[in-house]
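Visitor: I have not looked at this structure before, and I would like to learn how to read its features one by one. Could you guide me through it?

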Amino acid sequence: MKASDLPLYYNAVNILEHNLDERAGKTALFSRERTLTFQQIASEANQVGNALRAMDVRMGEYVGLLSLDVPEWVTVFFGTLKVGAIHVGMNTLLTAPEYEFMLRDSRMRVLVVHQALLPVVQPILADQPFLEHVIVIGEAPEGMTAYTDWIADQPTTLEAAPTHREDIATLNYSSGTTGEPKGIPHAHKDLVLTAQLWGKNVLGLTENDRTFAGAKLFFTFGTGGNLLFPYHVGASNVLFSGSPRVATNILEMVDEFKPTILYNSPTGYAMAMAVENFTQKYDLSSLRLCVSAGEALPEPIWHEWKQKTGLDIIDGIGSTEAYHIFISNRPGDIRPGASGKPVPGYKVRLVDEDFNDVPQGEIGNLLVNGETVALSYLHQYEKSRKTFLGEWLFTGDKYYQDEDGYYHHAGRSDDMLKVGGIWVSPMEVEATLMRHPAVLQCAVVGKTDASNLVKPKAFVILNEGYTASDELASELIEFCRENMAGYKRPRWVEFVDSLPQTATGKIQRYKLRGR
Ligand code: 3UK
């Protein structure tokens, strides 16, 4: 499938609505909160769309969604797309300053927020120059509208806005080295193309599947894998509003809702296997295939999972810039430890610093070409020019190709870390540590843990009057947990007398890597 195969005026709400012809009454969405058929989702999404129009939301305007994975996530998402507005997917693990940035950067007039996340954003809502309406999924305090009241009187039918297939449908924020999020706009066409190119053609999803993910819907790994791809083929999905970082939660959900496909990060698989006798305690027999993305899946984890569950894991590399996976293993063709081969519809190159192709076996910078790649970041001219190189996307990943053509991840060309599949900027962790009175100077790098997965480690030079101790190390880790998104905290602190630096005083993090 190519973009030109789609109608010129195409709205990605079709990914949901094409099911109304053949399987309107089929249960599409399973969750502990509610179970919904395709028809029920479509009707409620229409109510959301009508409620947005009643607020005078026009085509091209941004509508923020900061929510746990509940059925309303899905209805708000499709309702937003259907009126031609742009869905802003917001990471639920962040802090007020990051949300403030997103609100201003996207100029959203409407924010739909889950009541569980309201306390985090509430302090900044008052001063927003563009925000006019806050809708709360759950109970709404004074001055805000509850979702159920918001849609209550709205009709369940709605004409889709005639969006161009190249119109922007979603904006997802991804972290950068300086910690400032970058908005990544994707067109209506990108959503259905990734569903076809990877979800259907590579993963082989069918209408009989039921997907479930440790990756949340705000992350395009989750939006694609656990919402768009199953609906594209008429399959169902399972949503979980709790934390995926508690491994037993994920195992319980599989046991209870019997999905056939599980998406998770490598860390998620490692954590599940750390639960004693997990295969005896939980019935995982409904699963036919597992998927891993977000960071490289170490080969030992692949084998251990296979040995304990009998299941294959399909590792594939994707990115928010490309919307989803573009190099992937596939059922029946898996090389454990590798990311696999380019997904048909994408081309990749491995190049040196002068953009010359490197020979097979040598490490190069990974470039990707495909029709689902975004065109630029929002409001980021310089960063966009360094990343979106005409037809090629500069991923920032180092890769090599083995003699059989499989691609292997070999690190990043920047200092960014992927921890549990989510970005961590070492500079941001360092800036947080520097706010602690004991810290004179510090450097944060990635170090692999016992499962061969990267976690942040801090090297710290103490201020005079402070003495290195295990207690102080724990205190610094706690300090980070409280003063930024907790998953970014260092897992180890090593006290040192000096840090490697360039002549100009720039810390050479690469010299500390793995130490
Ligand atoms: C790294 C991987 C090795 C790599 C994502 C699937 O992770 C996703 O998007 P992000 O924008 O990060 C992209 C970066 O993450 N990475 C992701 N997957 C792998 N490295 N092996 C992998 N399998 O550095 C890449 O550049 O957060 C993944 C689908 C949708 C996504 N958004």
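Visitor: How many bridges join β4 to β8, and do these strands run parallel or antiparallel?

Guide: Please keep in mind from the start that this is a predicted model. As a general idea, strands of a sheet pair through backbone hydrogen bonds, either parallel or antiparallel. In the present case β4 and β8 run parallel and are joined by three bridges, and one residue pair to look for is H87 with its bridge partner T170 in β8.

Visitor: What is the order of the strands in the sheet that holds these two?

Guide: The order is β7-β6-β5-β3-β4-β8-β9, an open sheet of seven strands with mixed pairing. At the edges stand β7 (145-146) and β9 (182-187), and since each has a single partner strand, one side of each is left without a neighbour in the sheet. Helix α6 (residues 118-125) packs on this sheet, where it touches β3, β5 (110-114) and β6 (133-137), and the direction of α6 makes about 150 degrees with that of β5.

Visitor: Which residue is the bridge partner of V63 in β4?

Guide: The partner of V63 is H87. This pair belongs to the contact between strand β3 (residues 62-66) and strand β4 (residues 86-89), which pair in the parallel sense over four bridges.

Visitor: In what sense do β8 and β9 pair?

Guide: Here the pairing is antiparallel, over six bridges, and Y173 has G183 as its bridge partner in β9. Strand β8 (residues 168-174) is also mostly covered, with six of its seven residues buried.

Visitor: What is the strand order in the sheet that contains β14?

Guide: That sheet is open as well, with nine strands in the order β2-β1-β11-β10-β12-β13-β14-β15-β16 and mixed pairing. Its edges are taken by β2 (36-37) and β16 (341-342), each with a single partner strand, so one side of each is left without a neighbour in the sheet. Within the sheet, strand β10 (residues 210-213) and strand β12 (residues 261-264) pair in the parallel sense over three bridges, and F212 stands opposite L262 in β12.

Visitor: Which residues come nearest to the ligand?

Guide: A useful way to read a ligand site is to begin with the residues around it and then turn to single atom pairs. The ligand has 23 residues around it, of which T220, D315, G316, T320 and D397 come nearest. As for atom pairs, an oxygen atom of the ligand is 2.9 Å from an N or O atom in the side chain of K418, while a polar side-chain atom of R412 lies 3.2 Å from an oxygen atom of the ligand. The backbone takes part in the picture too, for a backbone N or O atom of A296 lies 3.4 Å from a nitrogen atom of the ligand.

Visitor: How much of the ligand does the protein bury?

Guide: Taken alone the ligand exposes 600 Å², and the protein buries 98% of that. The elements that give two or more residues to the shell around the ligand are α9 (220-232), β14 (313-318), β20 (392-401) and β21 (407-412), and the largest share, four residues, comes from β14.

Visitor: Which value of phi does R107 have, and where does this residue lie?

Guide: When reading backbone angles, it helps to note the sign of phi together with the residue type. Phi of R107 is near 55 degrees, a positive value in a residue other than glycine, and R107 lies in the loop between α5 (96-106) and β5. H379 likewise is not a glycine and has a positive phi, of about 60 degrees; H379 is found in the loop between β18 (364-370) and α14 (381-387).

Visitor: Are R107 and H379 buried, partly exposed or exposed?

Guide: The middle class lies between the cut-offs of 20% and 50% relative accessible area. R107 counts as partly exposed because its relative accessibility is 48%, and H379 counts as partly exposed at 49%.

Visitor: Where is D497 found, and is it buried or exposed?

Guide: D497 is found in the segment after β26 (492-495), and with a relative accessible area of 77% D497 is exposed.

Visitor: How far apart are S474 and W492 in sequence and in space?

Guide: They are 18 residues apart in sequence and 8.6 Å apart in space, taken from C-alpha to C-alpha. S474 itself lies in helix α16 (residues 470-483) and counts as partly exposed, at 43% relative accessibility.

Methods
Residues numbered from 1 in each chain as written. Predicted model: local features only at pLDDT ≥ 70, side-chain atom pairs only at ≥ 80, totals over all residues. Heavy atoms only, no water. Pairing = 2+ DSSP bridges. Contact = heavy atoms within 4.5 Å. Axes fitted to C-alpha atoms, helices over the stretch in contact; angles between N-to-C directions. Buried < 20%, exposed > 50% of the residue type's maximum accessible area, 1.4 Å probe, protein only. Near = heavy atom within 4 Å. Polar contact = N/O pair within 3.5 Å; in protein donor to acceptor, adjacent residues only side chain to side chain. Areas by Shrake-Rupley, 256 points an atom, 1.4 Å probe, with all protein chains shown as cover.
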